[in-house]
Amino acid sequence: MTNLASLEVKNLELWYGKFQALRNISFAIPRNQITAIIGPSGCGKSSLLRCFNRMNDLIPGAKVKGEVLFDGSNIYLANIDPSEIRYRIGMVFQKPNPFPKSIFDNVAFGPRVNGLGINLEDTVERALRRAALWDEVKDRLRKGALELSGGQQQRLCIARVLAVEPEVILMDEPCSALDPVATLRIEDLMRDLAKEYTIVIVTHNMQQAARVSDMAAFLMMEEDRAGILVEYSSTSEIFTNPRDKRTEDYITGRFG
Amino acid sequence: MEIRTAFHKRLREIQDDVLAMGNMVEKATSRAIEALKERDLAKARQIIADDLKVNKMRFDIEEKCVQLIATQQPMASDLRAILGVLNIITEIERIGDHAEGIAKIVLMIGDEPPLKPLIDIPRMAAKVNDMLHRSLDALINRDAAAARKIASEDDEVDQLYDQVFRELLSFMAEDPKTITRATRLTWVAHNLERSADRVTNICERVVYMVTGKMEEMDVSRY
C-alpha cells in the first residue's frame with residue numbers, strides 16, 4: 001500500500017484550541033484513485049481534508065499532531081512551505097468561488113503567480129479541456145467568470161486548480177451547491193481526472209461517494225465529539241458488506 | 001452530452017457478459033446433442049465440467065449487478081435493466097443445467113446401441129438455441145416485439161416434444177426391451193422442453209425491461 005500511496009496519514013490528531021476535532025487517524029490514500037471521506041455532520045470530514053494541504057494552518061488555534069506523508073515526506077515539517085504544498089495538492093470548495101475576473105484570467109491566475117506564464121494560452125486551453133469546459137466557453141474566454149452557471153463555475157474552479165498541474169485534488173463538497181445534472185457532470189469529470197490525478201472528496205451525499213469513489217473512509221464522532229476513523233475500505237466493500245456495525249448503520253440510514 | 005458515462009459503460013459490460021454466458025450455454029446444448037449422437041463420453045464429461053464455469057459466470061455477473069445497485073443508484077430503465085439481467089442469468093444458468101443434464105444421460109446410456117437415428121431431438125435443440133440466441137439479441141436491442149414473438153415459438157418446441165414422446169412410446173409398446181433406452185431419450189427431450197420454457201421467461205424479462213410491465217407469456221403445456 002505504502003509505495004502506491006499518494007498521501008498517508010499516520011496517527012493524525014487535530015485540535016482547534018482545546019477542542020479535539022480528530023483522533024488518531026491513520027490511513028493511506030492510493031494514487032490515481034478517488035477516495036471519499038463520508039460520515040455524519042460534524043464528524044471532522046472537512047477538517048481531515050484540510051489537513052492534507054495544511055489549510056488548517058490558516059485557522060487560529062489549530063494544532064496538528066502526527067504525520068501527513070506526501071510522496072513519503074511529512075508535509076508538516078518545519079522547512080516545508082505550505083503554499084508550495086497547496087499548488088501540488090489543489091483544492092476545490094463547496095461553493096464555486098471564481099475570481100471576479102474573466103474566464104481566461106481565472107485559469108491563468110495560478111500559472112502567472114507561479115511564473116509559468118510561458119504559453120499561457122495553451123495552459124489555459126489545456127486546463128479548460130481537462131475540466132470538460134472548453135467547448136462551452138472557448139468563444140467567450142474574456143467574458144466574466146461570474147456569468148457562468150453554477151456547474152460551469154465549479155468546472156472553472158477545477159480548471160483553475162488543474163492549470164498549476166497539481167498531483168492531488170482535494171474536493172470539499174464540490175457538488176453541494178449544484179443541481180443533479182451538473183452534479184453528475186462533475187462526477188463524470190472526476191472519474192476522468194482520476195486517470196491522471198489523485199482525488200480526495202468529502203461529501204455528505206453518501207450516494208455520491210458510492211457512485212464516484214474507489215475507496216471510502218467512514219468517520220464518526222466519539223462522545224467528546226472528536227472524529228475517529230471507523231472503517232476504511234474499497235467503496236464496493238463499504239457499500240455492500242461493511243465490516244463495522246456502525247458503518248452499516250450509517251449507510252443504511254439507521255443513524256446519522 | 002451524455003452524463004454518467006462511467007455507469008453506463010459498466011452496464012454495457014454486464015450485458016456483454018450476459019451475451020458471453022448465453023454463448024457458453026448455447027454451445028453446451030449443441031455439444032450435449034453431439035455427444036448423444038456420437039456416443040462421445042469424453043465430450044459429455046467435458047460439458048459437465050464446463051458447467052461450473054457457467055455457474056461461476058452467473059455469480060460474477062450477479063456480483064457486478066449488486067455493486068451497481070449499491071453504488072450507482074440506477075433509476076427507471078437502468079434499474080429495470082439490472083433487475084432484468086439478474087433474472088435472465090438465472091434462466092441461462094438453468095438452461096446450462098439442462099445441457100449438463102443431457103450430458104449426464106449420455107453417460108448413463110454409455111455405449112448402448114442407439115434405439116433409432118435421432119431426428120426430432122436435434123431439431124428441438126436447434127430450436128432452443130435459436131430462441132435463446134434471439135432472446136439475448138432482443139435484450140441488447142430492447143426489442144419487446146421480438147421477445148413476444150420468440151416466446152410464442154415455444155409451441156413449436158412443445159410440438160416436437162409431443163412427437164418425440166409419441167414415437168418413443170410406440171417403440172416401448174412394441175418391444176419392452178427398449179423401455180430403458182426410450183425412457184432416457186424422453187428425459188433428453190424433456191430437458192430441451194424445459195430449456196425452451198426458460199427462454200420464454202427470458203423474453204418476459206426483456207418485455208419488462210422495455211415496458212416496465214410484467215407480462216405472462218405463452219404458458220407452456222408442460
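**Close-up views of the predicted model**

**View 1. Polar and charged pairing where chain A meets chain B.** In this predicted model, the rule finds zero salt bridges across the interface of chain A and chain B, a salt bridge being a side-chain nitrogen of Lys or Arg within 4 Å of a carboxyl oxygen of Asp or Glu. Across that interface the rule does find four residue pairs in polar contact, both residues at pLDDT 80 or more; a polar contact is a pair of N or O atoms within 3.5 Å, where within protein one must be able to donate a hydrogen and the other to accept it, and residues adjacent in sequence count only if both atoms are side-chain atoms.

**View 2. The side of chain A that touches chain B.** Chain A and chain B each give 12 residues to the contact, which means heavy atoms within 4.5 Å. The elements giving two or more residues to the side of chain A are α7 (180-193), α8 (206-212) and α9 (235-240), with the largest share, five residues, coming from α7(A); helices are DSSP runs (H or I, at least four residues) numbered from the N terminus.

**View 3. Surroundings of A:Thr123.** A:Thr123 lies in helix α4 (residues 120-130) of chain A and is buried, with a relative accessible area of 11%, where buried means under 20% (1.4 Å probe, protein chains only). Leaving aside neighbours within four places in sequence, A:Thr123 is in contact with A:Pro111, A:Ile118 and A:Ala163.

**Notes.** Residues are numbered from 1 along each chain as its sequence is written, and chains are lettered from A in the order in which they are written. Local features need pLDDT of at least 70, side-chain atom pairs count only at pLDDT 80 or more, and totals for chains, interfaces and linings use all residues, while side-chain values use heavy atoms, with hydrogens and water left out.

Conventions. Buried < 20%, exposed > 50% of the residue type's maximum accessible area, 1.4 Å probe, protein only.
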